[in-house]
Amino acid sequence: MNITRFKAEHLASLELQDAQQYFGSEISTPGYAASLEASGGGFTGMVDGRVVACAGCSEVWQGRAVAWALLSKDASKHMMVLHRAVHGYLKAAQFRRIEAWVDEGFKPGERWLQMMGFRLETPEPMQGFRPDGGACFLYSRVK
């Protein structure tokens with residue numbers, strides 16, 4: 001896998017995993033992709049020139065950021081490499097607090113956040129949080 005700096009056009013060729021399909025119409029807008037690139041902290045994982053994952057952090061204010069990760073349908077084949085890349089990225093990030101959310105009922109996402117040192121902050125799901133109205137749990141990692 002080749003890890004490169006995230007660029008907005010990477011999202012256009014990312015075939016989202018089934019668990020993130022609800023997000024497709026949101027990320028396909030040029031403004032969304034451009035805002036992630038402008039946040040400056042993302043990277044893309046590519047295999048044979050194909051986008052497998054895009055991830056990064058978007059700063060909310062100094063010392064606080066929101067982590068994001070958009071994965072392809074076959075990202076699971078590359079999770080060891082992706083995990084190392086994301087974990088290293090988070091470890092080097094200069095944010096005091098990094099937040100992430102995971103869809104209610106998406107156990108693989110919960111396990112992955114916990115493996116990276118995130119802790120659950122919302123024992124009850126945040127209702128109506130997703131673009132499609134679905135619920136999510138909030139996790140954070142504080143230095």
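Here is a walk through this structure, from its sheet to its cores and its charged side chains.

Before we start, keep in mind that this is a predicted model, where local features need pLDDT of at least 70, side-chain atom pairs count only at pLDDT 80 or more, and totals for chains, interfaces and linings use all residues. Residues are numbered from 1 along each chain as its sequence is written, and side-chain values use heavy atoms, with hydrogens and water left out.

Let's begin with the sheet. Helices (H or I, at least four residues) and strands (E, at least two) are DSSP runs, numbered from the N terminus, and two strands pair if DSSP finds at least two bridges between them. Here, 7 strands make an open sheet in the order 1-2-3-4-5-7-6, and the pairing is mixed. Strand 1 (2-5) and strand 6 sit at the edges with a single partner strand each, so one side of each has no neighbour in the sheet.

Now step across the sheet. Strand 2 (residues 43-47) and strand 3 (residues 50-61) pair in the antiparallel sense over 5 bridges, and you can find Val 47 opposite Arg 50 in strand 3. The hairpin that these two strands make has 2 residues between the strands, and Asp 48 takes a positive phi near 55 degrees there. Next, strand 3 and strand 4 run antiparallel, joined by 8 bridges; Ala 55 has Ala 69 in strand 4 as its bridge partner. Their hairpin also has 2 residues between the strands, and in it Gly 63 has a positive phi near 90 degrees.

What is the sense of the pairing between strand 4 and strand 5? It is parallel, over 3 bridges, and Val 66 stands opposite Glu 99 in strand 5. Strand 5 is mostly covered, with 6 of its 7 residues buried (buried means under 20% relative accessible area, exposed over 50%, partly exposed in between, with a 1.4 Å probe and protein chains only). On the far side of the order, strand 6 and strand 7 pair in the antiparallel sense over 2 bridges, with Arg 119 opposite Ser 140 in strand 7.

Time to look inside. A nonpolar core is a set of buried Ala, Val, Leu, Ile, Met, Phe, Trp, Tyr and Cys residues joined through side-chain atoms within 4.5 Å. The largest one has 25 residues, and Cys 57, Val 86, Leu 90, Ile 98, Leu 113, Met 116 and Phe 118 touch the most other members. At least two residues of this core come from each of strand 2, strand 3, strand 4, helix 4 (79-92), strand 5, helix 5 and strand 7. There's also a second, separate core of 14 residues, including Leu 11, Phe 23, Ile 27 and Leu 70. Back in the largest core, try Phe 118: not counting residues up to four places away in sequence, its contacts (heavy atoms within 4.5 Å) include Leu 90, Ile 98, Leu 113 and Arg 141.

Now for the charges. A salt bridge is a side-chain nitrogen of Lys or Arg within 4 Å of a carboxyl oxygen of Asp or Glu, and by this rule the count comes to 9. One of them joins the side chains of Arg 64 and Glu 99 (2.7 Å, N to O). Arg 64 is in strand 4 (residues 64-71) and Glu 99 in strand 5 (residues 97-103), 35 residues apart, so to speak of distant parts of the chain being linked is fair. Glu 99 itself is buried, with a relative accessible area of 9%. Arg 64, Arg 97, Glu 99 and Glu 121 are linked in a network of salt bridges.

Another salt bridge joins Asp 103 and Arg 130 (3.3 Å, N to O). Asp 103 lies in strand 5 and Arg 130 in the loop between strand 6 (119-120) and strand 7, so the pair ties together parts that are 27 residues apart in sequence. Asp 103 counts as buried at 10% relative accessibility, and Arg 130 counts as buried at 19%.

Finally, meet Arg 141, in strand 7 (residues 136-142). Arg 141 is buried yet has no salt bridge, and the nearest side chain of opposite charge, Glu 121, is 12 Å away (Lys and Arg count as positive and Asp and Glu as negative; His and the chain ends are not counted). A polar atom of the Arg 141 side chain does lie 2.4 Å from the backbone oxygen of Met 116.

Note on methods: Polar contact = N/O pair within 3.5 Å; in protein donor to acceptor, adjacent residues only side chain to side chain.
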